[in-house]
Amino acid sequence: MTLAGLMLLVCLAVFLVMQFDEVAADREQKMVQNGFARQLREIDEVIHPQVAWDESVKALDINRDLRWADMNLGSYLFTFNGFTRAFVVDASGNAFYASVRGERASTDAFAPFASVTAKLLPQIRAVEAVRPPVRVTPNADAAQVAPIQMNALAWADDTLFIVVATLVQPDVGKVQPTGKRAPVVIMAMPLDARMIRTFGGRYLVDDLHLYPADIAVSQYTKVDLHGADGVLVGRLAWTPRRPGLMLLRQLWIPALAAIAAMAMIAMIVVRSGATIFSELIASEARARHLAFHDPLTKLPNRSMLFARLGPVLAGIGTLSQRVAILAVDLDRFKEVNDTLGHHAGDALIQAVAGRLRDVCADEALIARLGGDEFVVMLENANDAAVTVLAERIVSAVRAPLKTEYGLLEVGCSVGATVIDNAGVEPSEALRWADLAMYRSKELGRCRVTFFEAEMDMALRNRRSLETDLREALHSDALGMVYQPQVDHHGGIVAVEALVRWVHPERGAVPPSTFVPLAEECGLILALGEQVLRKVFAETGHWTKARIAINVSAVQLRAPGFAALVTRLAAQAGIVPSQYEIELTETALLGEDPVTAANIDALKRLGFSIALDDFGTGYSSLSVLQRFSVDKIKIDRSFVAALGGEDESEALVDAMIKLARALDLEVIAEGVENARQKECLEACGCREFQGHLVGMPMTGPAIAGLIGEALLKPADMEAIRRQA
Ligand code: C2E
Ligand code: MG
Ligand code: MG
């Protein structure tokens, strides 16, 4: 590019120089041509006063005074003006006077000039014939008549002469010509080297030379010289000055340097322009990539998914037959994030993204929608292929992952939907996959569920359940049951308060359904408050057994929770040390300062803290110590597995040993049979909860069982007095 530009510039410069020189040569030629014509006129003018003069009429026409001719023509014009030949011809054109180089000569000397004279004379005679008579103007100093003169170039004696023929005529008219035809003076001046040099010097033309007509002078600038009959008699030629070339010669080094500098600058500009341009393109591409990709995993993001999903769904039946959408959601990702920090969470997400890439076919679109939600879109796959893919995703994600934060184990729940009819909106398709994924979570996680129409029903069902729960809370329709916790002698040492909701149409709705629902739809604080009120009211006067109350992580994160418990406790007049707050491990994860403050306040009030479902979460020793947990409740999943062939016994044993080391109380929940109880006892467990040792029962029932008064002593006193 740059080289081509440079070449173009040089060509342009050469072209301009040539043009410039051509114009200059043209001007020079015109100047010399005009100059030569002027030279001839000047020569004419030198002769005119000598010939158009009363004296010359008298001397040449009347007296034929040759001595006069010697003095005033031959000698005078030779000496002062360089005319080497002078002749006077009569009316017939015959020379009667001749002079060569200022000296009188034989009229034979006229012979070489006879022919040119013969060509000039008719023109002279023609003008003479129509000339008006010269009026007498005696007081005039100089000739008043117009010259009758002709000149021509002619070769004579190998020399080119300027030959001038001038008619003898009076100037002031004192002497009048004799006849009709006056003599004519023929003067000839050689166009010799000296004259040409002088002429050239006058017009600043070096090396001006005269060349005969037959010599070629193509390399020079030239002016053609013609004879009287228009025939070429010679050429004045010279080397053209070529000012452009001279300029170029003088300037070529600086010009070349300037061109090189310009080329360099141009190159830099072009290069930097190109760099800026490519950077612009790159940054635009980057911006576009960022807009459509998740920065952490580099996977397509929600925008990209929707952009692709729209046309793909619309093209079903024409471009493709079916589209499978898989919603993939990690199980317990939040726990990893909360316990090990965001960097570990990020590392996990990146690793999962990598595994999804490994498992999915190249044509599948894998998108990260945010958090731990991924979506895989696959075109034209049948149900069997989708199932295989989904299961491979589940097992790939489940494989333990070695990271700098230790060995991480998470699973994922997958929801799949296969759409084979056009017209489904992307958001609707994703909602179906999501519903199926939630069903996977409900069914125990780490599994694949295909969307079915009834799931949509389930969602609607859930919405109506939410409305009903709101109503139930409003109308105080929830009740409490209490499940005994016994020591190894079988004595009831405590009870766990469990909430119950008997729906007017659906019947008993399990807390595992409506408690998470209340957490999700913001009803858990109201529900929790009702539970506390009821439990305090029903058990506030108990003295023999402690009462455990389940508190959700959402409640603990509420800033006013400890204050609420304090107020309710004060209103009910309960003794906090009789009560135990059951938290799940998820409540203690992370660094939430509100949770910590609430727990701290509850502990200071006298409540003790039990960690529910222990072993299912990610709590570490530091968590147990940080929150001053008093008790752990071994989750019933470990208890259920006892007596089997797996490692559950070793696990339970380890948990109990850990609790002892940390000086914590231990209780096993979900004890359903004697075998389990024996195993637990063998491991050193001393407290049990489960269907084997006591079913949940109403307040009055359990109060009767443990010998607690059904009512507060004050109320009983009031009743007695009434009686
Ligand atoms: P949880 O706190 O672990 O409560 C123990 C659950 O195990 C109770 O289920 C109880 O009925 C059940 N259970 C007890 N013994 C056995 C047994 O031997 N075998 C089996 N299979 N199950 C047994 P429930 O009442 O359905 O409650 C489920 C969960 O709902 C509770 O688990 C607790 O997390 C939550 N929940 C119950 N009541 C409340 C409440 O008042 N507030 C809050 N926030 N959560 C509650
Ligand atoms: Mg519990
Ligand atoms: Mg539990």
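**Leu256 and its patch**

I started with Leu256, which comes out as partly exposed, with a relative accessible area of 46%. This is a predicted model, so I read everything below as computed. Leu256 sits in helix H6, residues 243–292. I then checked what accompanies Leu256 on the surface: Leu248, Trp252 and Ile253 join it in a nonpolar patch. Together the four have about 390 Å² of accessible area.

**Cysteines**

Next I searched the whole structure for disulfides and got zero. Why is Cys360 not bonded to Cys412? Cys412 holds the closest cysteine sulfur, but that is 11 Å from the sulfur of Cys360, too far for a bond. The cut-off I needed here is 2.5 Å between the sulfur atoms. Cys360 is buried, at 5% relative accessible area.

I looked up Cys446 as well. Its nearest cysteine sulfur is also that of Cys412, 6.3 Å away, and Cys446 is in no disulfide. Is Cys446 buried or partly exposed? Partly exposed, at 24% relative accessibility.

**The five-stranded sheet**

I traced an open sheet with mixed pairing and wrote down its strand order as E11-E12-E10-E15-E16. Which strands are at the edges? They are E11 (365–370) and E16 (448–450), each of which pairs on one side only. On average, neighbouring strands in this sheet are turned by 20° against each other, direction ignored.

Inside the sheet I picked the pair E10 and E15. E10 covers residues 323–331, E15 covers residues 411–419, and they run antiparallel with nine bridges. To get my bearings I noted one facing pair: Asp331 is opposite Gly411 of E15.

**The E8/E9 hairpin**

Strand E8 (residues 221–226) was worth a look for its side chains. General reminder to self: in a regular strand, side chains alternate between the two faces of the sheet. In E8, Thr221, Val223 and Leu225 point to one face and are buried. Lys222, Asp224 and His226 point to the other face and are not buried.

What does E8 pair with? Its partner is strand E9 (residues 232–238), antiparallel, through six bridges. I found Leu236 in E9 as the bridge partner of Val223, and Val223 is on the buried face of E8. The two strands make a hairpin with five residues between them. In the turn, Gly230 has a positive phi of about 85°.

**Positive phi outside glycine**

I then went after residues other than glycine with positive phi, and noted two. Asn380 has phi near 60° and lies in the loop between strand E12 (373–379) and helix H10 (383–398). So this loop follows on from a strand I had already met, as E12 belongs to the open sheet. Asn380 is partly exposed, at 44% relative accessibility.

Ser628 has phi near 45°. I located Ser628 in the loop between helix H19 (621–626) and strand E23 (631–634). Its relative accessible area is 37%, which counts as partly exposed.

**Two distances along the chain**

Last, I looked at sequence separation against distance in space. Thr566 and Ala601 are 35 residues apart along the chain, with their C-alpha atoms separated by 9.1 Å. Thr566 is in helix H16 (residues 561–572) and is partly exposed at 34%.

How far apart in space are Gly406 and Glu425? Their C-alpha atoms are 42 Å apart, with their positions 19 residues apart in sequence. Gly406 is in strand E14 (residues 406–408), partly exposed at 30% relative accessibility.

Conventions
Residues numbered from 1 in each chain as written. Chains lettered and ligands numbered in written order. Predicted model: local features only at pLDDT ≥ 70, side-chain atom pairs only at ≥ 80, totals over all residues. Heavy atoms only, no water. Buried < 20%, exposed > 50% of the residue type's maximum accessible area, 1.4 Å probe, protein only. Patch = residues over 30% accessible without salt bridge, like charges linked within 9 Å, V, L, I, M, F, W, Y side chains within 5 Å. Areas by Shrake-Rupley, 256 points an atom, 1.4 Å probe, with all protein chains shown as cover. Salt bridge = Lys/Arg side-chain N within 4 Å of Asp/Glu carboxyl O. Helix = DSSP H or I, 4+ residues; strand = E, 2+ residues; numbered from the N terminus. Pairing = 2+ DSSP bridges. Axes fitted to C-alpha atoms, helices over the stretch in contact; angles between N-to-C directions.
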